[in-house]
Amino acid sequence: MRSLPNPWMSLLAMIGAMLMMMGDASANGVIEALTISSAEDGSQTYSLTLQVLALMTALTMLPAAILLMTSFTRIIVVLAILRQALGTQQTPNNQVLIGLALFLTMFVMLPVTERVYNDAVQPYLEEQIELPEALELASKPFRSFMLNQTRESDLMMFAEISGEQQIQTPEDVPFSVLVSAFATSELKTAFQIGFLVFLPFLVIDLVVASILMSMGMMMLSPMIISLPFKLMLFVLVDGWSLIMGTLAASFFT
């Protein structure tokens, strides 16, 4: 059975490729990454150039890329709404929710990252293609994924904002416009799913509040009584498997 690459291997390998480019500085006339200066007393001083600074700046954009170009946004928003609907305050805590969202994102994005690794990263590391071609090939799977999840109305809105009026085919959509439209569509979809998740728990809250009011228990918080019933309902329907499975399936419909 053929082993699949790590879901994030494409991103890590692309960063490694950027590091390898600094090793080719002398051959391509690029500024050297590390400069060694020798003093008169025989000591040496080391200094890093702007190339390393640019690389470290690019690395700081990696979390933003994970947020805006993958399924992470939809998943984490739905999980946060679910926690609010259950009324469990900080349980599960933010670390658990982010961990669940990251691992589910890895499973959802596996076909995309596998294509990036096979089509762009591996040929570049084997010196079969140059970096500009590798970047173009790496962007195609992400572009296809985002286009499939983006509403046409959002694309048109951001195209008008950016002044891009000559978009005839999906290939003509600028990457900046596509990322902005994709993030907006993901937020819309996440809130739609969150609304459906919230409804059954809202019904339980309304029923409990009505019963307590009819019994004259005005001072007793309905949240205290409804919380065990909401947890029981969530466990009986196998809520975590249902939510995670539905979220993963929503990207392949």
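**Exercise 1: Contacts along the chain**

Among contacts in this predicted model between residues at least 6 apart in sequence, find what percentage join residues at least 24 apart.

*Solution.* Begin with the pairs in contact that are at least 6 residues apart in sequence. Then keep those whose partners are at least 24 apart: they make up 67%. For the burial of the protein, take its 253 residues; 38% of them are buried.

**Exercise 2: Elements in order**

How many helices and strands does the protein have, and what pattern do they follow along the sequence?

*Solution.* Count each kind: there are eleven helices and two strands. Now read along the sequence, and you get α-α-β-β-α-α-α-α-α-α-α-α-α.

**Exercise 3: The span of α9**

Compare the expected span of helix α9 with the distance between its end C-alpha atoms.

*Solution.* Helix α9 covers residues 175–214, which is 40 residues. At 1.5 Å a residue, the helix should span 58 Å. Its end C-alpha atoms are 58 Å apart, so the two values agree. Now look along α9 for a bend: a kink of about 35 degrees lies at L199, shortly before the proline P200. After the helix comes G216, with a positive phi near 80 degrees.

**Exercise 4: Two helices packing**

Work out how α5 is oriented relative to α10, and which residues make the contact.

*Solution.* Take helix α5 (residues 72–86) and helix α10 (residues 222–236): they pack at an angle of about 135 degrees, and their axes are 9 Å apart. That angle makes α5 oblique to α10. On α5, the contact is made by L82, A85 and L86; on α10, by L227, K230, L231 and F234. Finally, sort these residues: six are nonpolar, none is polar and one is charged.

Technical notes. Residues numbered from 1 in each chain as written. Predicted model: local features only at pLDDT ≥ 70, side-chain atom pairs only at ≥ 80, totals over all residues. Heavy atoms only, no water. Helix = DSSP H or I, 4+ residues; strand = E, 2+ residues; numbered from the N terminus. Expected span 1.5 Å × (residues − 1). Bend = angle between axes of the 7 residues up to and from the residue. Axes fitted to C-alpha atoms, helices over the stretch in contact; angles between N-to-C directions. Parallel < 35°, antiparallel > 145°, perpendicular 65-115°, else oblique. Contact = heavy atoms within 4.5 Å. Nonpolar A, V, L, I, M, F, W, Y, C, P; charged D, E, K, R; others polar. Buried < 20%, exposed > 50% of the residue type's maximum accessible area, 1.4 Å probe, protein only.
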